[in-house]
Amino acid sequence: MSLKKLFIKHNSDKFRHKYYKVYDLYLEKLKKNKLNVLEIGVADGSSIKAWSDYFINSKIIGIDIKKIDIVKKKLNKKNISIYQGSQSDKDFIWTLTKKYKKFDIIIDDGSHFPEDVIKSFKILFHSLSLNGLYFVEDTQTSYNHYFGGNPFDLKFSRTHANFFKSLTDSLNYQEIANPFYLQSGYDGYIKNISFFNNMIVVQKGLNNIKSNLLLNNSYENRRYKTKINRGGNKFNYFLKYKIFFKLYTLFLFFINFFKKVILFRY
Ligand SMILES: C[S@@+](CC[C@H](N)C(=O)[O-])C[C@H]1O[C@@H](n2cnc3c(N)ncnc32)[C@H](O)[C@@H]1O
C-alpha cells in the first residue's frame, strides 16, 4: 500500500500536511530494506502504525516524552518498540543508540521547539547511518514566537531553520577560502540538505570532493602551486601570492572578525 493510503488508513496528519509527497521521494526505494526507523513523537501512534505497515522488514522505534499505552493504542506489534523519554535528553538517546547502534531513518515529529530540534539532531547525527536520512517536520515553528521561533529576526535568530541553513555550508566546506576555517563535525558527512514547505531533509553521506580552486582552504596556496608548476619566476609568484594575496585575505579576515564581534555574531 502507498504511504499516502497508509497515512489515510491510520488517520495520520502526515496525509493532511501532504508530507507523504516528500517521504515518497526518499523512501519508496527503501521500503523493503531491513532498517532501523526512529520516530520522535508517538502521540496516538498513527504514524508509527503507518511506518510499521510500510517498512515490513524494519524495526520501528518510537519515542515520546509522555507515557504511551501501547495496548490501548494498538502498538503492541512485533516490529514496533516504544520508549518514554525526551528527544533532547542526551542520556536517554544514548541508551537507545547503545541498543540499536545505528538508525537508518530518523523522523523528528516531537516538540517542534527549535532548541529540542537542534539538540536532538546534534545528539543523533552520530547514530545516523552513513547514507541515512533525517526528516524534520513542522519547521514552521521556526517562524513563530509562540513555539520558540523568531519571526522578527529571520536571518540571525537561533532557530532550527537557521541551524539547517547554516549546515548547508558543510556541503561546500572544501570551498571556503579562509585559511583559518575550523572544520565542523558535519563537514564531509552531509550529501544533501533539502528544504520543503514546513519540512527539512538531511541526507548523510561521504562528501570529500576536493576543491578545484583551493588548497587547504587557501586560494593563494593553490594559485602559487599551479603557477610554479607551470614554470616562470618563482620569486615574483611568491611575492604575489604568498605575500600580497595573503595580506589581502588577512585584511578581510580581520575586518569580518571585528564585524562579527561588534554584532555578536559568533
Ligand atoms: C505531533 S505529535 C506526534 C504525532 C505522530 N508522530 C503522528 O504523526 O501520529 C508530537 C508528540 O511529541 C511528543 N513530544 C513533545 N515534546 C517531546 C520531547 N521533548 N521529546 C519527545 N517527545 C516529545 C508529544 O508528547 C506528542 O505526543
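Let's start at the ligand: the shell of residues around it divides into five nonpolar, nine polar and six charged. Keep in mind as you look that this is a predicted model. Of the 20 residues around the ligand, the ones that come nearest are Gly41, Ala43, Ser46, Ser47 and Ser111. Three elements give two or more residues to this shell, namely strand E1 (36-40), helix H4 (46-54) and strand E2 (59-64).

Strand E1 is a good place to go next. Five of its five residues are buried, which leaves E1 mostly covered. You can follow this on both faces: Asn36, Leu38 and Ile40 are buried on one side, and Val37 and Glu39 are buried on the other. E1 runs parallel to E2, and five bridges join the two strands. If you pick out Glu39, its bridge partner in E2 is Gly62.

Now step back to the sheet. E1 and E2 belong to an open sheet of seven strands with mixed pairing, in the order E3-E2-E1-E4-E5-E7-E6. Strand E3 (80-84) and strand E6 (190-196) stand at the edges; each has a single partner strand, so one side of each is left without a neighbour in the sheet. On average, and with direction ignored, neighbouring strands here are turned by 15° against each other. At the E6 edge, the partner is strand E7 (residues 199-204), which runs antiparallel to E6 and is joined to it by six bridges. One pair to find there is Asn192 with its bridge partner in E7, Gln203.

Helices also pack into this picture. Which residues of helix H6 (residues 114-124) are buried? They are Pro114, Asp116, Val117, Ser120, Phe121 and Leu124. The spacing of such a set is easier to read with a general rule in mind: an α-helix has 3.6 residues a turn, so residues three or four places apart point the same way. The cover over the buried residues of H6 includes E1, helix H5 (90-100), strand E4 (103-108), strand E5 (128-137) and helix H7 (160-167).

From H7, follow the chain into the loop between H7 and E6, where Thr168 has its place. Is Thr168 buried, exposed or partly exposed? With 13 other C-beta atoms within 10 Å, Thr168 is partly exposed, because the exposed class stops at 12 or fewer and the buried class begins at 20 or more.

Finally, look at the whole protein. The domain assignment gives domain 1 (3-204) and domain 2 (219-262). Taken over C-alpha atoms, the centres of domain 1 and domain 2 are separated by 42 Å. For another distance, try Thr168 and Tyr219: these residues are 51 apart along the chain, and 21 Å separate their C-alpha atoms.

Conventions. Residues are numbered from 1 along each chain as its sequence is written. This is a predicted model: local features need pLDDT of at least 70, side-chain atom pairs count only at pLDDT 80 or more; totals for chains, interfaces and linings use all residues. Two strands pair if DSSP finds at least two bridges between them. Helices (H or I, at least four residues) and strands (E, at least two) are DSSP runs, numbered from the N terminus. Axes are lines fitted to C-alpha atoms, for helices over the stretch in contact, and angles run from 0 to 180 degrees between N-to-C directions. A residue is near a molecule or strand if its C-beta atom, placed from the backbone, lies within 6 Å of it. Ala, Val, Leu, Ile, Met, Phe, Trp, Tyr, Cys and Pro count as nonpolar, Asp, Glu, Lys and Arg as charged, and the others, Gly among them, as polar. Domain bounds come from an automatic or database domain assignment. Two residues are in contact if their C-beta atoms, placed from the backbone, lie within 7 Å.
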